[in-house]
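Let's practise reading a protein model together. Take your time with each exercise, and try it yourself before you look at the solution.

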Amino acid sequence: DGHLPQEAFSLLTRIPLERTCENAGIPDAFCGCFQLEEVDVGGVTFGTNDAAIDEKQKSVVLTAKSAAGALLLVVNAALKDVFDICHKWKIAKLLKASKKPGEDKFMIRIELWPEGARESSLSAIFQGWVVKNKSGSFDIKLGEASRLDKYGVTSQCVLKRAYKLKEYCRCKN
């Protein structure tokens, strides 16, 4: 009918009860209108087999594990031009995975360590939305991936060269 949904409303107008985050222009990362389903990722490991995964949930858990790997790839891809000063990350642990009901869309939280690191004090926690598309690969927007831990001066080396990457960088020195 050519009618576009109204994203913004004045405080003086009535907001429709059926309004959704999508037609209000609110990204899922900030939407409180749906309840995410927790995925039991306790048996997920990286570098070994996943024998401890519950058989009934195996498909969704393995998808969440692949989504975690995809999130890692996006963070590392963003840093590729500054690997001379920033560490490349490797995945240490899938901390949490939540699924949007009825969709192949996951909120993934992962712990990453710099490649070659052997101490957890260098770790970082990242969280982001990961969407499995129809082709079976994953779509991730870097802007929807956030670093949750306190990183302060550990990314100072990248500030002058690529300021937008400060959240993702762990300086080598």
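The exercises below go from the whole chain to two single residues and then to a pocket, and the model they use is predicted.

**Exercise 1. Work out how many helices and strands the chain has, and in what order they run.**

Step 1: Count the elements. There are two helices and six strands.

Step 2: Start at the N terminus and follow the chain. The pattern reads α-β-α-β-β-β-β-β.

**Exercise 2. Find what share of the chain is buried, and what supplies the area that it exposes.**

Step 1: The chain has 173 residues, and 35% of them are buried.

Step 2: Now turn to the outside. About 11000 Å² is exposed, and carbon and sulfur atoms supply 53% of that area.

**Exercise 3. Decide whether Ser 98 is buried or exposed, and describe its surroundings.**

Step 1: Locate the residue. Ser 98 sits in strand S2, which covers residues 89-99.

Step 2: Compare its area with the cut-off. A residue counts as buried when its relative accessible area is under 20%. Ser 98 has 3%, so it is buried.

Step 3: List the neighbours, leaving out residues up to four places away in sequence. Ser 98 touches Leu 36, Glu 37, Glu 38, Lys 105, Phe 106 and Met 107.

Step 4: Look for a polar contact. The side chains of Ser 98 and Glu 38 make one, at 3.0 Å.

**Exercise 4. Do the same for Leu 165: is it buried or exposed, and which residues does it touch?**

Step 1: Leu 165 lies in the segment after strand S6 (145-147).

Step 2: Its relative accessible area is 13%, so Leu 165 is buried too, by the under 20% cut-off.

Step 3: Again leave out residues up to four places away in sequence. The residues that Leu 165 touches are Ala 78, Leu 79, Val 82 and Val 158.

Step 4: Pick Val 82 and compare sequence with space. Leu 165 and Val 82 are 83 residues apart along the chain, while their C-alpha atoms are 9.1 Å apart.

Step 5: Set this pair beside the chain as a whole. Among contacts with a separation of 6 or more, 48% join residues 24 or more positions apart.

**Exercise 5. Describe the largest pocket: its volume and its lining.**

Step 1: The space in the largest pocket comes to about 220 Å³.

Step 2: Find some lining residues in the model, including Cys 21, Cys 31, Cys 33, Phe 34, Lys 100 and Lys 105.

Step 3: Sort the lining by type. It divides into six nonpolar, one polar and five charged residues.

Methods. Residues are numbered from 1 along each chain as its sequence is written. This is a predicted model: local features need pLDDT of at least 70, side-chain atom pairs count only at pLDDT 80 or more; totals for chains, interfaces and linings use all residues. Side-chain values use heavy atoms; hydrogens and water are left out. Helices (H or I, at least four residues) and strands (E, at least two) are DSSP runs, numbered from the N terminus. Buried means under 20% relative accessible area, exposed over 50%, partly exposed in between (1.4 Å probe, protein chains only). A polar contact is a pair of N or O atoms within 3.5 Å; within protein, one must be able to donate a hydrogen and the other to accept it, and residues adjacent in sequence count only if both atoms are side-chain atoms. Contact means heavy atoms within 4.5 Å. Accessible areas come from the Shrake-Rupley method with a 1.4 Å probe; for residues, only the protein chains shown count as cover. On a 1 Å grid over the protein atoms alone, a cavity is a set of points where a 1.4 Å probe fits but cannot get out, and a pocket is an open set with protein on both sides within 12 Å along at least five of seven lines; lining residues have an atom within 4 Å of a point. Grid points are joined across faces, edges and corners, and a volume is the space filled by probe spheres set on the points. Ala, Val, Leu, Ile, Met, Phe, Trp, Tyr, Cys and Pro count as nonpolar, Asp, Glu, Lys and Arg as charged, and the others, Gly among them, as polar.
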